Amino acid sequence: QLQLVESGGDLVQPGGSLRLSCSHSRFNLDYYAIGWFRQAPGKERERVSCVTRDGITDYADSVKGRFTISRHDAMNMVDLQMNSLKPEDTGVYYCAVDYECRMENAFGWGKGTLVTVSS
């Protein structure tokens, strides 16, 4: 069963930055859209950002202008650069793939990486 690997989560102060990565050693991400999701304590999982196979991106309103998703196909990796972090960005961040950014049938969920924004 496919399981992507997320990394880069950490404890950071408000206003700080983190870069998360999503990758897999054997599964080729080139042919898929990749989405980043997060789940805060006691809340439902929400979609944060997505990038299509052609590099078209979208973002949740709550992160627009602060987060940037990037594909690095040569390294089979997708990053999520997070700037100006806020306490409400705290949560476990997951990546998943699908053929389109609608992510209706997303698969390959990893174990997630924890982001904590706190002073």
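This report describes the fold, the sheet, the nonpolar cores and one buried acidic residue of a single protein chain.

**Overall build**

The structure is a predicted model, and its chain contains 10 strands and 0 helices. Read from the N terminus, the elements therefore follow one another as β-β-β-β-β-β-β-β-β-β. The radius of gyration is 13 Å, close to the 14 Å that the globule rule gives for 119 residues, so the chain is as compact as a globular protein of that length. Along its principal axes, the C-alpha trace spans about 40 × 25 × 25 Å. Buried residues make up 45% of the 119 residues, while the chain exposes about 6,500 Å², of which carbon and sulfur atoms supply 46%. Among the contacts with a separation of 6 or more, 57% join residues that lie 24 or more positions apart.

**The open sheet**

Strands of a sheet pair through backbone hydrogen bonds, and they can do so either parallel or antiparallel. In this chain, 6 strands form an open sheet in the order 2-10-9-4-5-6, with mixed pairing. Strand 2 (11-12) and strand 6 (57-59) stand at the edges with a single partner strand each, so one side of each is left without a neighbour in the sheet. Three of the pairings are set out below, each with one pair of bridge partners.

| Strands | Sense | Bridges | Bridge partners |
|---|---|---|---|
| Strand 4 and strand 9 | antiparallel | 7 | G35 and A96 |
| Strand 9 and strand 10 | antiparallel | 3 | V92 and L114 |
| Strand 5 and strand 6 | antiparallel | 3 | C50 and D58 |

Strand 9 pairs with strand 4 and also with strand 10, and this strand is mostly covered, since 7 of its 8 residues are buried.

**The nonpolar cores**

In soluble globular proteins, nonpolar side chains tend to be buried together. Here the largest nonpolar core has 25 residues, and those with the most contacts inside it are W36, F67, L80, M82 and Y93. The elements that give two or more residues to this core are strand 3 (18-23), strand 4 (33-39), strand 5 (46-51), strand 7 (67-72), strand 8 (77-82), strand 9 (91-98) and strand 10 (113-117). A second, separate core of 6 residues includes A33, F37, C50 and M103.

Which residues does L80 touch, leaving aside those up to four places away in sequence? The contacts of L80 are with L18, R19, L20, W36, V48, S49, F67, T68, I69 and Y93. Among these partners, W36, F67 and Y93 are also listed, together with L80 itself, as residues with the most contacts inside the largest core.

**A buried aspartate**

D89 is found in the loop between strand 8 and strand 9. Is D89 buried or exposed? With a relative accessible area of 1%, D89 counts as buried, because the cut-off for that word is under 20%. The side chain of D89 makes a polar contact with the side chain of R38, at 2.9 Å. Not counting residues up to four places away in sequence, D89 touches R38, V63, R66, F67, S84, V115 and V117. One of these neighbours, F67, is again a residue with many contacts in the core, as it is named among those with the most contacts there.

Definitions and conventions: Residues are numbered from 1 along each chain as its sequence is written. This is a predicted model: local features need pLDDT of at least 70, side-chain atom pairs count only at pLDDT 80 or more; totals for chains, interfaces and linings use all residues. Side-chain values use heavy atoms; hydrogens and water are left out. A nonpolar core is a set of buried Ala, Val, Leu, Ile, Met, Phe, Trp, Tyr and Cys residues joined through side-chain atoms within 4.5 Å. Buried means under 20% relative accessible area, exposed over 50%, partly exposed in between (1.4 Å probe, protein chains only). Helices (H or I, at least four residues) and strands (E, at least two) are DSSP runs, numbered from the N terminus. Contact means heavy atoms within 4.5 Å. Two strands pair if DSSP finds at least two bridges between them. The radius of gyration is taken over C-alpha atoms; the globule rule is 2.2 Å times the number of residues to the power 0.38. Accessible areas come from the Shrake-Rupley method with a 1.4 Å probe; for residues, only the protein chains shown count as cover. A polar contact is a pair of N or O atoms within 3.5 Å; within protein, one must be able to donate a hydrogen and the other to accept it, and residues adjacent in sequence count only if both atoms are side-chain atoms.
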